[in-house]
Amino acid sequence: MSILTVDSVTKYFPIERGIFRKETGVVRALEGVSFSVREFETLGIVGESGSGKTTLAKIILKLIRPTGGEVVFDTKKIVHFRKDVQIIFQNPYNSLDPRMRVADIVGEPLLIHGLAQKKHIRARVAQLLQDVEMDETSLDRYPSAFSGGQRQRICIARVLACEPRLIVLDEPISSLDLTIQSKLLELFLTLKEKFKFTYIFISHNLAVIKHISDSLIVMRGGRIEERGKTDDILDNPGSPYTRLLLEAARAQVLQ
């Protein structure tokens, strides 16, 4: 059963020039993209910069509107969109308010969505931090006191506070070193098993996608180049472009 269906989505951005911002053309960011995501699945979306994957994520999250096509959610599962659909961004440094303590950062969604009484919020935040393998000594500290990997864990705890059904992960580990990347990938897998999430995992790194995703979409120039089960595509890629991505990933490993 699909929790999300993307149907023939296109997105064009106007090119404007001159004092009067006259439109002189368009950038075709997405062209007729269609796919579905089953509940509890992890869908990997891979492609180089400019492939359209982040634009697609923004459309799914209703941050921008498509030029054409539509995104349809199963409304029996996605009931309260702003609670049920969440995103974890690439850069944890930009995702956290430096003026807020961790207890308030993670606790804020509990208040907004009425998921805990005020008197119980601190204890609930402590539990959420434990879920992301941080302890409650972090509660009264500010984001500046933490490393990049720890900040991303705080971002994950804040997302968990919303009790989401679908999480979009937009390059969530690419700004971190390899050791931390590996630990966070294992954390994402543990959380998926514990809380029964559906993930859309966006990356330019096929090695990461192979580790975490059940099915895979390869994007190029705003179009879907190839899609199917992750192991099937990576073991026997049908597209020359996918083969190039695989060769690049192997070369990076050997460096």
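Which residues line the largest cavity? I put this down as my opening query, bearing in mind throughout that I am working from a predicted model.

**Entry 1, the cavity.** I looked up the lining of the largest cavity and found Ile88, Ile156, Val159, Leu160, Ile167, Leu169, Phe188, Leu191, Phe197 and Tyr199. Helix H6, strand S6 (166-170) and helix H7 (178-195) are the elements that give two or more residues to this lining, and H6 gives the most, with 3 residues. When I sorted the lining residues of the largest cavity by character, I had 10 nonpolar, no polar and no charged. I noted a volume of about 40 Å³ for this cavity, and the count of cavities of 30 Å³ or more comes to 1.

**Entry 2, the second largest pocket.** I then turned to the second largest pocket, which holds about 250 Å³ of space and has a lining of 14 residues. Those that lie nearest its centre are Gln86, Ile87, Ile88, Phe89 and Val159; I recognised Ile88 and Val159 from the list for the largest cavity. Which elements each supply at least two residues of the lining of this second largest pocket? I wrote down helix H2 (81-84), strand S5 (85-88) and helix H6 (148-161), with S5 giving the most, at 4 residues. The lining of the second largest pocket divides into 10 nonpolar, 2 polar and 2 charged residues, whereas the lining of the largest cavity has no polar and no charged residues.

**Entry 3, the six-stranded sheet.** Next I traced the open sheet of 6 strands, whose order I recorded as S5-S6-S7-S3-S8-S9, with mixed pairing. Its edge strands are S5 and strand S9 (223-229), each of which pairs on one side only, and the twist averages 15° from one strand to the next. Strand S8 (residues 215-220) pairs with S9 in the antiparallel sense over 6 bridges, and I noted that Arg220 has Arg223 in S9 as its bridge partner. H6 packs on this sheet and touches S5 and S6, its direction making about 180° with that of S5. H7, for its part, lies across strand S3 (42-46), S5, S6 and strand S7 (198-203), and I wrote down an angle of about 160° to S7.

**Entry 4, strands S1, S2 and S4.** I followed strand S1 (residues 2-17) to its partners and found that it pairs with strand S2 (residues 22-38) in the antiparallel sense over 12 bridges. Within this pairing, Lys11 has Leu30 in S2 as its bridge partner. S1 is also joined to strand S4 (residues 68-73), again antiparallel, by 5 bridges, and there I noted Glu70 in S4 as the bridge partner of Asp7.

**Entry 5, salt bridges.** How many salt bridges does the structure hold? I recorded 12, and looked up one of them, in which the side chains of Lys77 and Glu39 meet at 3.9 Å, N to O. Lys77 lies in the loop between S4 and H2 and Glu39 in the loop between S2 and S3, so this pair ties together parts that are 38 residues apart in sequence.

Key: Residues numbered from 1 in each chain as written. Predicted model: local features only at pLDDT ≥ 70, side-chain atom pairs only at ≥ 80, totals over all residues. Heavy atoms only, no water. 1 Å grid on protein atoms, 1.4 Å probe; cavity = no way out; pocket = protein on both sides within 12 Å on 5 of 7 lines; lining within 4 Å. Points joined across faces, edges and corners; volume = space filled by probe spheres on them. Nonpolar A, V, L, I, M, F, W, Y, C, P; charged D, E, K, R; others polar. Pairing = 2+ DSSP bridges. Axes fitted to C-alpha atoms, helices over the stretch in contact; angles between N-to-C directions. Contact = heavy atoms within 4.5 Å. Salt bridge = Lys/Arg side-chain N within 4 Å of Asp/Glu carboxyl O.
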